[in-house]
Amino acid sequence: MGFLAKRALSLVFFLILALMPAHGLSREVNWPVIRPTGILLVYPGTTSWEFVLSDDHRLGSGAIKRNMSKDCRHCHLSKEGELDMKVDEIASGEMRMKLSHKPFEPEPIAGKKGTMHAGIQAAYDDEFVYLKIQWNSVGTGWRSEERPDRVSLQVNKENPAFAKYGCFITCHNDLNTMPSSPSGDEVRSDPYYKPLERDDVRLYAYYTRDAWNKRKGTKELDEKLATGLIDLWSVELTSGSARPHDGWIFDDRRWEKETEVEASGEWAAGRYTVVIKRKLAPGGRYNIDIKDGDVITVGLAIHDDGVEKRKHYVSFPFTIGLGTEADVRAVKITD
């Protein structure tokens, strides 16, 4: 079957999903009248920001280092939607980096596919934004207490690097489970992590640290926060329930004690359906406020089949426009 035929079938699939009912928060939105958009997610292995800037990335690294003139989709996704990445070989552990010859995935999972597809719909009213996300799954997390599944969205409105490279600007070689991750003892003894009683290095934006133990100064961080903060909306799917989490990524990945995110979810007929509801303008230092007419950039990540840490699928950055043109148009709803 050719690519265009596959794409047509994919669109039909997501249209069918949109017409099917979902429970919980989705009752506030008439989802069947909102056209879904298909989002391609890829399995990146240990691809990190350091890799993106390295000679292993070949021509891409030069363009990024010079002036960030190209983005991920420009190089790796054609206008017809064809992917220029051997992600099946990454997932299987066969693919190696061009110069260092290191495997992109040193711990392959048997049968892991290189891509997955999700459908997304968006709506908003005067107070909230609503997102409905669906993807095919065997529902490991839904049927388990110990191996949850998860869908997460990194959200930013103004940072040019995030607009071009999305989640990759927060992924580094020294994160927990990545190739150059420091030991637990090293992390526990670091002046930043010791008071937090942490032994793991989590996501951080590249412009906030030079390495896991080399944070920028307080003044510089304060100056970058306005445009560099990445909001994080996440839903954990486990034991037949959807549990929302609200956090942020900046010089660390942290979770709010009180979440501004609500969520509902279900797994049925081999498919997850998750609906996220979030205030447009919750305020606070570590939340991004959005309003009618705004365009936000989103990086979508899905932990499926009970995987943890870095072994998830991730999208290239895409945009959601509130009542305006973007990759995904959020529809204004009224009473």
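The protein exposes an accessible area of about 16300 Å², of which carbon and sulfur atoms supply 50%. These values refer to a predicted model. Of the 335 residues, 49% count as buried. The radius of gyration is 19 Å, which agrees with the value near 20 Å that a compact globule of 335 residues would have. Along the principal axes, the C-alpha trace spans about 50 × 50 × 45 Å.

The secondary structure comprises eight helices and 15 strands. Among contacts between residues at least 6 apart in sequence, 66% join residues at least 24 apart. With regard to charge, the protein carries 47 positive and 50 negative side chains, and the centres of these two sets lie 3 Å apart.

Helix H8, formed by residues 218-228, was examined for the distribution of its buried and exposed positions. Leu221, Leu225 and Gly228 are buried in this helix. Because these residues cover an arc of only 100° around the axis, they are placed on the same side of H8. In general, an α-helix has 3.6 residues a turn, so residues three or four places apart point the same way. On the other side of H8, Lys219, Glu223 and Ala226 are exposed. The cover over the buried residues of H8 includes four strands: E4 (149-156), E6 (214-215), E7 (230-238) and E8 (241-249).

Two individual positions were then considered. Ser144 is located in the loop between strand E3 (128-136) and strand E4. Its relative accessibility is 16%, and Ser144 therefore counts as buried, the cut-off being under 20%. When neighbours within four places in sequence are left aside, Ser144 is in contact with Thr238 and Ser239. Between Ser144 and Val261, which are 117 residues apart in sequence, the C-alpha to C-alpha separation in space is 23 Å.

Arg253 belongs to strand E9, which covers residues 253-255. At 21% relative accessibility, Arg253 counts as partly exposed, since this class lies between the buried limit of 20% and the exposed limit of 50%. Residues up to four places away in sequence not being counted, Arg253 touches Arg202, Leu203, Leu232 and Trp248. The C-alpha atoms of Arg253 and Ala205 are separated by 9.2 Å, although the two residues are 48 residues apart along the chain.

Notes. Residues numbered from 1 in each chain as written. Predicted model: local features only at pLDDT ≥ 70, side-chain atom pairs only at ≥ 80, totals over all residues. Heavy atoms only, no water. Helix = DSSP H or I, 4+ residues; strand = E, 2+ residues; numbered from the N terminus. Rg over C-alpha atoms; globule rule 2.2 N^0.38 Å. Buried < 20%, exposed > 50% of the residue type's maximum accessible area, 1.4 Å probe, protein only. Contact = heavy atoms within 4.5 Å. Areas by Shrake-Rupley, 256 points an atom, 1.4 Å probe, with all protein chains shown as cover. Lys, Arg positive; Asp, Glu negative; His and termini not counted. Charge placed at Lys NZ, Arg CZ, Asp CG, Glu CD. Arc of directions from axis to C-beta.
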